[in-house]
Amino acid sequence: MSPVPPLGLLLDVDGPVASPATRSVSRPGILAALVELAGAGVPLVFNTGRSDTFLREQVVAPLLAAGLPGTARVHAVCEKGAVRFSVRQGRATEVVADSSLAVPREVHELVGGIVAARYADTMFVDTTKRAMVSVEQRVDVPASRYAAAQGPFEEEVLAACAAAGLGVGLRGREVPDAQGRVPYRIDPTVIAVDVESVLLGKDRGAERALELLAADGELPARWRTVGDSRTDYAMADLLHSRGLSVAHVDVRPGEGVPSRDYPVLVPEGAVEDEAGEAYLVRVAALLRGERAEEAGGGFAWWGSGASRGVAESWAPPRA
Ligand SMILES: [Mg+2]
């Protein structure tokens, strides 16, 4: 029987792995550390709102090119839990999409029409999405110009969805459908606006991750979840609620660190993929036995759960 992995990693993609500026894996240390960790038996699950196409092209292909071993346990949970595939023996498996979690076709047309009419100079529709409608900041447009357009765009999308009789929510406001239901949400992030089923989210993605890993081997002894948004804490929330040992690594705690019952690790002096790279390099050193402590020298523990589960041995189990 295969040994229990010393660690499982549940990784948000935009932010800790892919640069929000280039929308690709721009720091080579990230790929090298992930390849090493996967080779040491650490399961890697990407939990993202991105499409399977983005994951294959921007994350899996570079990982394979960097030497990801055939034995690696790698899964991609895309579109916030609606779509998934795995990497087996150096190949991406067929995509599985849950059509019950998709927005109606009509939403694609409504949102696409709004972008084409008034917002094509700052944003574009991601045509690779299967379950969500995602409109993203153009890479050639400065963040400030995109931010100025995003608010009015969100309002137009809300109004159009409401006029079409689709129950939808935006930033705490809700416009129910004729039956009083709100099955969809408009979810703005720093670089995009998503229209999606309310059943999707990083918690659903974490559930899918557990299912995928239970099906292909032993579950890890401990977990680290890594993200750059408040919504990414839902990954650690879900694992913690299942009684699993988890700490969350917040690579952009711009809004502060929320109170949690599990430890939160925060980088000092770096954010986004620079912090993601530093953390993954550190974890690889911990598993090699070259570091004893997860925190210190650029990372600090936060929160009430900080004393729990962090001093345990990182040494991989002896075969
Ligand atoms: Mg992110």
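This is a conversation about how the descriptions of a predicted model follow from its computed values.

Reader: What makes Trp-302 count as buried?

Author: The cut-off for a buried residue is 20 or more other C-beta atoms within 10 Å, and because Trp-302 has 20 C-beta neighbours inside 10 Å, it counts as buried. Trp-302 belongs to strand β16, residues 299-302, and, not counting residues up to four places away in sequence, Trp-302 touches Val-257, Val-264 and Val-266.

Reader: How far is Trp-302 from Ile-114 in space?

Author: Their C-alpha atoms are separated by 43 Å, and the two residues are 188 residues apart along the chain.

Reader: Why is strand β13 described as largely enclosed by the rest of the structure?

Author: Strand β13 covers residues 223-227, and five of the five are buried, so the strand is largely enclosed by the rest of the structure. In a regular strand the side chains alternate between the two faces of the sheet. In β13 both faces are covered, since the buried residues are Trp-223, Thr-225 and Gly-227 on one side and Arg-224 and Val-226 on the other.

Reader: How do you know that β13 pairs with strands β1 and β14?

Author: The cut-off for a pair is at least two bridges. Strand β1, residues 8-11, is joined to β13 by four bridges and the two run parallel, with Leu-10 opposite Thr-225 of β13. Strand β14, residues 246-250, pairs with β13 over five bridges, again in the parallel sense, and here Val-226 stands opposite Val-249. Between β13 and β14 the chain passes through helix α6, residues 233-241, in a right-handed β-α-β crossover.

Reader: What makes helix α6 largely enclosed?

Author: Seven of the nine residues of α6 are buried, so the helix is largely enclosed by the rest of the structure. The buried residues are Tyr-233, Ala-234, Met-235, Ala-236, Leu-238, Leu-239 and His-240, and what covers them includes β1, β2 (44-47), α5 (202-216), β13 and β14. After α6 comes Gly-243, whose phi is positive, near 80 degrees.

Reader: How do you know that β1 pairs with β2 as well as with β13?

Author: A pair needs at least two bridges; β1 and β2 have three, in the parallel sense, and β1 and β13 have four. Leu-10 has Val-45 as its bridge partner in β2 and stands opposite Thr-225 in β13. Strands β1 and β2, with helix α1 (residues 28-39), make a right-handed β-α-β unit. Within β1, Gly-8 and Leu-10 point one way and Leu-9 and Leu-11 the other, and all are buried.

Reader: Why is the largest nonpolar core said to lie between domain 1 and domain 2?

Author: This core has 82 residues, and those with the most contacts inside it are Leu-34, Leu-37 and Leu-44. Domain 1 (8-82 + 202-307) and domain 2 (100-197) both give residues to the core, so it lies between them. Leu-37, leaving aside its neighbours within four places in sequence, is in contact with Leu-9, Val-42, Leu-44, Leu-280, Val-283, Ala-284 and Leu-287.

Reader: How many residues of the two domains are in contact, and what kinds of residue does domain 1 bring to that side?

Author: Ten residues of domain 1 are in contact with 14 residues of domain 2. On the side of domain 1 that touches domain 2, the residues divide into three nonpolar, four polar and three charged. The centres of the two domains, taken over C-alpha atoms, are separated by 27 Å.

Reader: What makes strand β11 mostly covered, and which strands does β11 pair with?

Author: Strand β11, residues 184-188, has four of its five residues buried, and on that count is mostly covered. With at least two bridges needed for a pair, β11 pairs with strand β9 (residues 168-170), to which three bridges join it in parallel, and with strand β12 (residues 192-197), to which five bridges join it in the antiparallel sense. The bridge partner of Leu-170 in β11 is Ile-186, while Asp-187 stands opposite Asp-194 in β12. The connection from β11 to β12 is a hairpin through three residues.

Note on methods:
Residues are numbered from 1 along each chain as its sequence is written. This is a predicted model: local features need pLDDT of at least 70, side-chain atom pairs count only at pLDDT 80 or more; totals for chains, interfaces and linings use all residues. A residue is buried if 20 or more other C-beta atoms lie within 10 Å of its own, exposed if 12 or fewer, and partly exposed in between; C-beta atoms are placed from the backbone. A crossover is right-handed if, with the strands pointing away from the viewer, the path from the first strand over the helix to the second runs clockwise. Domain bounds come from an automatic or database domain assignment. Two residues are in contact if their C-beta atoms, placed from the backbone, lie within 7 Å. Ala, Val, Leu, Ile, Met, Phe, Trp, Tyr, Cys and Pro count as nonpolar, Asp, Glu, Lys and Arg as charged, and the others, Gly among them, as polar. A nonpolar core is a set of buried Ala, Val, Leu, Ile, Met, Phe, Trp, Tyr and Cys residues joined through C-beta atoms within 7 Å.
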